[in-house]
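Student: I would like a close look at one part of this model, taken slowly and with its surroundings kept in view. Please treat it as one connected account.

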Amino acid sequence: MVHSRFFLRSARLALAITPLVALPVVLSGCGFQPLYGESGKNNVDVNTELKDIYVANIPERTGQQLRLALQQQMSADGPEDPHKYTLIVMPSFNAEAIDIHSDNTSGRTRITGHAHWQLLTVAQNPTLLAQGDTTTMDGYTNTYEQYFAQTLNNETAMGRVAQTLGEQITQQVSTWFRTQAAPAVSRDQGPKAFYPIPTAMPESDKEVPMEQEGADAIPDMATGRGGPSQY
């Protein structure tokens with residue numbers, strides 16, 4: 001009886017593990033591939049390419065936080081050897097007072113961060129390889145009675161915005177390394193398609209930020225290219 005229970009439990013465990021073992025095989029069959037790592041199609045090791053990127057200096061304290069985040073995320077397990085590409089990032093940060101009270105004070109501050117990036121070759125005449133845009137939002141609750149805590153909340157929120165922008169830029173650059181998307185070829189005829197931008201900030205609850213398709217009818221966010229947005 002004891003042996004029967006043991007074999008029954010073993011059989012149930014084997015049945016439970018089998019789908020988990022087969023999952024990578026199924027995903028591979030569907031064309032799923034990890035973003036970071038080697039690619040069998042074009043033999044591009046994304047992690048190695050990221051370590052070859054020199055992140056140009058970004059002014060201001062928050063810009064330095066963004067640059068440090070990019071260096072850490074692109075070097076991964078290190079060490080970095082930036083001699084092949086140059087990444088130029090132009091960020092902007094805005095603070096907005098929301099939750100306005102009757103005494104004209106604000107209960108919360110919303111911070112939006114935007115960054116435009118360009119990836120160039122390291123050469124006497126650099127070549128623009130890819131570019132893109134990214135946006136994120138964060139915020140904190142105001143504490144007017146405690147000035148030090150208010151300042152600390154602001155600095156912490158700005159640091160989170162810089163970290164998130166760095167993660168998004170790293171992902172977009174990695175996508176370009178994976179796809180190696182060529183410059184778009186103009187498509188003059190046919191209707192234009194629009195795609196929702198999940199990271200963009202809507203101006204009202206009735207509007208959804210949209211991105212127009214690229215000139216080759218492919219969304220820019222799917223290839224790592226930068227492109228126009230429509231709100």
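Which residue in S4 does Leu 120 stand opposite?

Tutor: The residue opposite Leu 120 is Leu 128 in S4, and since this is a predicted model, what follows describes computed geometry. The pair belongs to the contact between strand S3, residues 106–121, and S4, where 13 bridges join two strands that run antiparallel. Further along this pairing, Gly 113 has Thr 136 in S4 as its bridge partner. S3 and S4 form a hairpin, with 6 residues between them.

On the S2 side, S3 is paired again in the antiparallel sense, here over 15 bridges, and Glu 96 stands opposite Arg 110 in S3. S2 and S3 also make a hairpin, which has 5 residues between the strands, and within this hairpin Asn 104 takes a positive phi near 70°.

These pairings belong to an open sheet of 4 strands, ordered S1-S2-S3-S4, in which the pairing is mixed. The edges are held by strand S1, residues 53–55, and strand S4, residues 128–141, each of which pairs on one side only. From one strand to the next, the twist averages 25°. As a general matter, strands of a sheet pair through backbone hydrogen bonds, in either a parallel or an antiparallel arrangement.

Against this sheet packs helix H4, residues 147–179, which touches S1, strand S2 (85–100), S3 and S4, and whose direction makes about 150° with that of S4.

The interior can be described next. The largest nonpolar core has 27 residues, and those with the most contacts inside it are Ile 53, Leu 87, Val 89, Leu 119, Val 173 and Phe 177. At least two residues of this core come from each of helix H2 (46–51), S1, helix H3 (61–75), S2, S3, S4 and H4. The most is given by H4, which supplies 9 residues.

H4 also packs with H3, at an angle of about 40° and with the two axes 8 Å apart. H3 and H4 are therefore oblique to each other, and their crossing is right-handed. On the H3 side the residues in contact include Arg 61, Gln 65, Leu 66, Ala 69, Leu 70 and Met 74, while those they meet in H4 include Glu 155, Met 158, Gly 159, Ala 162, Leu 165, Gly 166, Ile 169 and Val 173. Val 173 thus appears both in this helix contact and among the core residues with the most contacts.

One residue of helix H2 deserves a separate remark, namely Lys 51, which has its place in that helix. Lys 51 counts as buried because its relative accessibility is 17%, and buried means under 20%. The C-alpha atoms of Lys 51 and Ala 76 are separated by 7.9 Å, although these residues lie 25 residues apart along the chain.

To set the part in its wider context, the protein chain comes to 4 helices and 7 strands, following the pattern α-α-β-α-β-β-β-α-β-β-β when read along the sequence. Of its 231 residues, 30% are buried. Among contacts between residues at least 6 apart in sequence, 59% join residues at least 24 apart.

Terms used
Residues numbered from 1 in each chain as written. Predicted model: local features only at pLDDT ≥ 70, side-chain atom pairs only at ≥ 80, totals over all residues. Heavy atoms only, no water. Pairing = 2+ DSSP bridges. Axes fitted to C-alpha atoms, helices over the stretch in contact; angles between N-to-C directions. Contact = heavy atoms within 4.5 Å. Core = buried A, V, L, I, M, F, W, Y, C linked by side-chain atoms within 4.5 Å. Buried < 20%, exposed > 50% of the residue type's maximum accessible area, 1.4 Å probe, protein only. Parallel < 35°, antiparallel > 145°, perpendicular 65-115°, else oblique. Left-handed = near helix turned anticlockwise from the far one by under 90°.
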